[in-house]
Amino acid sequence: MDSISFQTRARTIDHLGREQIADCPTAISELWKNSYDAYARKVELNIFDGVVPIATLVDDGHGMSFDEFISKWLVIGTESKATRKNNELADQLGLTLRTKQGQKGIGRLSCAALGSLLLIVSKRVESCFVAALIDWRFFENPFLMLSDVKVPLFQFENKSELKSLLPKMFEELLVNIHGGTDERGDNSHEQRIRSAWKQLDNQELAEYEDSLNEEEFIVSKKNNFKTTRKRILETADNVIFDDRILNTWPVWTGASQHGTAMFMADIHDDMKAQIPLDNKDIGDLSAVKASDSLKETLINFTDPFSKGLEPTISDFRTSVIVWNGHIHRIIIDDVKKFDLSNLEMMEHMIEGDVDEYGDFRGKVKAFGIIYSDIVIKPPRVYKTRSNTQFGKFNIRIASYEYEKPKSTLSDEYVDFLNEQSEYYGGVRIYRDGLRVMPYGREDNDYFEIEKRRSKNAGRYFWSNRRSFGRISITRKENSNLKDKAGREGFLDNTASKYFREIVENILIKTADNYLGRYSDIRKTHIEDMDVLKAIEKAENDRKKLIKNERVRIKKLITENIGELTNKLDDLKDLQIKYSNVDEIVDLLDAKEFKALVSKHNSELQSYSLSSVPNNLGNIESAYKNYKRIEAEAKSIIKTLDESANISLTRLSDKTDYDIAIEVFNEKKRAINQAIRKRASLGKELLQEELGRFTELVEVQLKIFPTEINSFLEDLHLERVSLPQVLKKIDEEYQKQYIENDQRLVPYITAIKNIRDQIDLEGLAIHSMNESAKWKQEAERLNSLAQLGITVEIIGHEIEGLDSTIARGLDSIKNASFNDYEKASFDDVVYAHQGLTDKWRFLSPLKLSGERVKKNISGRDVFGYLNNFFGDSLERNKIHLEVTQNFLNFSVTDFPSRIYPVFINLVNNSRYWVSQGGGDSKNILLDNGEDGVTISDNGPGVDPDDYDQLFTLFFTRKHRGGRGVGLYLCRTNLQPGGHKISYITSGSNKKLSGANFLIEFNEAKK
């Protein structure tokens, strides 16, 4: 019997590293977790274009010494607990203790999935730099033993030494191809190495030849087919780690004294796909997919949806930056663009805790209404042991209605969510605040959400793409939820099966009871939506009526303006002719005059435009001119009619009664003629509409059978199942029922209104005229919103430019300048800092604002006010005083809500204290039992103005006042449950002038 050891081939490293990792984004996430374990505050991935594209993954963690690199990084399978030392407190770098993410000791091999050549450099405080050079393709050679591959490892004192060491490192690296003689002169290693590479060359060439026909192979030989060995040598000859690459590491620039950097050359295709090259095929779907996958995986790498005592990571930032020359593009940064505040604005949400028995306790929000104290029991009782228990976890998942008519959210916010879902959608899992891969990605359906929806989308409401949020677990509570070696999810053990079953049950129950087709809440909501649809249809009808009226009036003006002008001229001539009625001495002439006036009057009536909406748009001036001519003509008609009546009265021998009867009969004939004309037109239109109505009814009767008959036939032929057909019948029934109402009811309603003699046109135009006044008010408010949007857009652009300038200045700050150049450089830095400060002041004033709640203290507010107003207060001899109580108070809310309120109030006080003309100009910020007070010793507010103080556009300022400041103060505070009021008397009135009280919701004293 012999005792022998396992022999390990070099490609074992390839199996454990590159081949284990699912994809490039997963590899990056593993390396980021390593940086987190090293107590880095920031880790950054940079991708550079060039002849040989290069990526850098750099952090400011505690780094490694030479001995640690040998004993830990180069030892495969080192588990974190096994290597924990007494100096861990020093390794924390002043940060709180972090839960270790590494488990198997092979995460570092993930870098093999990013690029073929790796230069790793690490620096620990009070230790030398340590650098190693590895080409992972060595470990793809099946003919090499693991012990045959040597890693060049150097340590050096000063960073400047690296450039001189790199050629030696590459020379040592290529010994793994050329071989070398050991110290004793033994060349067996060289022979073994050369033989291994020769065998691989022959194997690769044979495999390549087998894949081609003879002609293709001859051509490929001419084009110099590249074996793995040749590609390794080419990389070694062409790669350059210059200052542009090295300066991405904070240690290299002096910004940090410790950390680790990985410089990777010959990067893989998924990384190259991030570089926007001009010659890249824009139709390369694989490149687009790779780019999207990286963003989808690495955005929100730390849990953005936690609150309270849940695991929260605020001291670890991640970013991905792509460089084209010296221009960089940040594709992922540490600013959470979709976080808890966005989640809480959505209309549907599950939020609560699941205990160790699988019981959910929390709340459910459906269509914006919150249902508290909800308990959801698991589908069965779990009998768990220590190795099968799943443990406690937290769940917070939100969604929305994809169809805008059914949503309680605005159309704009639904569009926003649809856009955000591309990268932020999906149900993710976070362990101790860091994301567990690959959950939440589009290609992963761990909780079988989409599988259930494919069976019955109406019942199973939750959708991967339309859902946002996560499940939060911890290593301590959920120790049996372990990752697979390839980080492709949890091991498929009993605990993970229970865990998945519990979550699926919660999703199904909430859909059944609150959100899905079988939910009474949804049915009620849909009925409400029908009402909203009716309102929407009425609004569309209103717009249609306005459009039709404008077309009608424009047409009438165009057709009649010439005749109306001629009519006015005729009437003016007639007025001149009969300017002296005493000249009419014959009764026949008087009757002819009266008949002529009546004829003109009847013709003038036909030019009337009837009811007209207020807002006529671009035909407004033409309408006014038309009405002016019509009014002048009517005025002349009235004068002529009175003259004709005088003449008839003077010359007629008939009684007054006979004259009145004669005029009456004449008018009656004119009215009857007009009625018959309109009646003829009305009957014609009614007949046409009756035909259309009858035709519409016939069409509607056929739609439902037409849509369903083909499904019934397929069911008869057993092509589809009964549930599918019943589902289709149900859906089509609901659709046709609503459509029938929308198409037929307006006819019935209109006929009823006609029966009740309701003037629909007059009523509609009156409503339109009323709403026009309020629309003008809304437009004024919208102009205010546009100001905030403009600030936001400009702010984003300035932010990108500011980042580029800052990086450029930082890269040259240590350069050698003469005195003149140094002074000029200092001026540029000063100007840049000034621009940066001013830009930062814009951020909280954007109307949308940064959607991140923060703890804002009185001290923060006071500092912000001083910075914002600068030395203007001192220059105008205004004393801004704060009490200790004010400095100590704090409130948690969006800065975009709080800071503008104080800016407006102090700015108002600043104006009014300067109007009094006194030597003392004081503004006081205090905090008492009732809330925060902002007081001044200006003239104060007139009692007559108390009621309208917070209304829009009210102002008493003689100059520069818009009347929006106090209105926006109240509007800003209301969403957070805060209140603002004016103090007229009592203990809260601190100074003699204006005194305002802000009652902050849940403020801390």
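## Strand pairs, sheets and cores in a predicted chain

Arg 431 stands opposite Leu 434 in strand E14. Strands here are DSSP runs of E with at least two residues, helices are runs of H or I with at least four, and both are numbered from the N terminus. The model is predicted, so local features need pLDDT of at least 70 and side-chain atom pairs pLDDT 80 or more, while totals for chains, interfaces and linings use all residues. Residues are numbered from 1 along each chain as its sequence is written, and side-chain values use heavy atoms, without hydrogens or water.

**The seven-stranded sheet**

Arg 431 and Leu 434 link strand E13 (residues 426-431) to E14 (434-435). Both strands belong to an open sheet of seven strands with mixed pairing. The order is E11-E10-E9-E12-E15-E13-E14. Two strands count as paired when DSSP finds at least two bridges between them. E11 (369-376) and E14 are the edge strands; each has a single partner, so one side of each is left without a neighbour in the sheet.

Helix H15 (residues 411-424) lies across E13 and E15 (468-473). H15 runs at about 40° to E15. Such angles run from 0 to 180 degrees between N-to-C directions, with axes fitted to C-alpha atoms, for helices over the stretch in contact.

Beyond E14, a loop leads to helix H16 (449-455) and holds Pro 438. The peptide bond between Met 437 and Pro 438 is cis, with omega about 0°.

Edge strand E11 contains Asp 373. Phi of Asp 373 is near 55°, a positive value outside glycine. Asp 373 is exposed, at 74% relative accessible area. Exposed means over 50%, buried under 20%, and partly exposed lies in between, with a 1.4 Å probe and protein chains only.

**Strand E4 and its partners**

Strand E4 (residues 129-135) is mostly covered: seven of its seven residues are buried. Phe 129, Ala 131, Leu 133 and Asp 135 point one way from E4. Val 130, Ala 132 and Ile 134 point the other way. In a regular strand the side chains alternate between the two faces of the sheet.

E4 pairs with E3 (residues 115-123) and with E5 (residues 153-156). Leu 117 stands opposite Asp 135 in E4. Ala 132 has Leu 153 in E5 as its bridge partner. The hairpin of E3 and E4 has five residues between the strands, and Glu 126 takes a positive phi near 65° there.

| Strand pair | Sense | Bridges |
|---|---|---|
| E3 and E4 | antiparallel | seven bridges |
| E4 and E5 | antiparallel | four bridges |
| E13 and E14 | antiparallel | two bridges |
| E21 and E22 | antiparallel | four bridges |

**The five-stranded sheet and H28**

Another open sheet has five strands in the order E17-E19-E20-E22-E21, with mixed pairing. Its edge strands are E17 (879-882) and E21 (979-982), each pairing on one side only. The twist averages 15° from one strand to the next. Tyr 982 has Phe 996 in E22 as its bridge partner.

Helix H28 (residues 895-913) lies across E19 (922-927), E20 (932-936), E21 and E22. H28 runs at about 20° to E20. The helix has 19 residues and reaches 27 Å from first to last C-alpha, close to the 27 Å expected at 1.5 Å a residue. That expectation is 1.5 Å times one less than the number of residues. Of the 19 residues of H28, 15 are buried, so the helix is largely enclosed by the rest of the structure.

Glu 1002 lies in the segment after E22. Its phi is positive, about 55°, although Glu 1002 is not a glycine. Glu 1002 counts as exposed, at 70% relative accessibility.

**Cores and the whole chain**

The largest nonpolar core has 102 residues. A nonpolar core is a set of buried Ala, Val, Leu, Ile, Met, Phe, Trp, Tyr and Cys residues joined through side-chain atoms within 4.5 Å. Trp 136, Phe 241 and Phe 263 have the most contacts inside this core. Leaving aside neighbours within four places in sequence, Phe 241 is in contact (heavy atoms within 4.5 Å) with residues including Ile 54, Leu 117, Phe 170 and Phe 263. Apart from this core lies another, of 37 residues, among them Phe 393, Val 436, Phe 461 and Phe 490.

The chain has 29 helices and 22 strands. Of its 1005 residues, 42% count as buried. Among contacts with a separation of 6 or more, 74% join residues 24 or more positions apart. The chain exposes about 54,800 Å², and carbon and sulfur atoms supply 52% of it. Accessible areas come from the Shrake-Rupley method with a 1.4 Å probe; for residues, only the protein chains shown count as cover.
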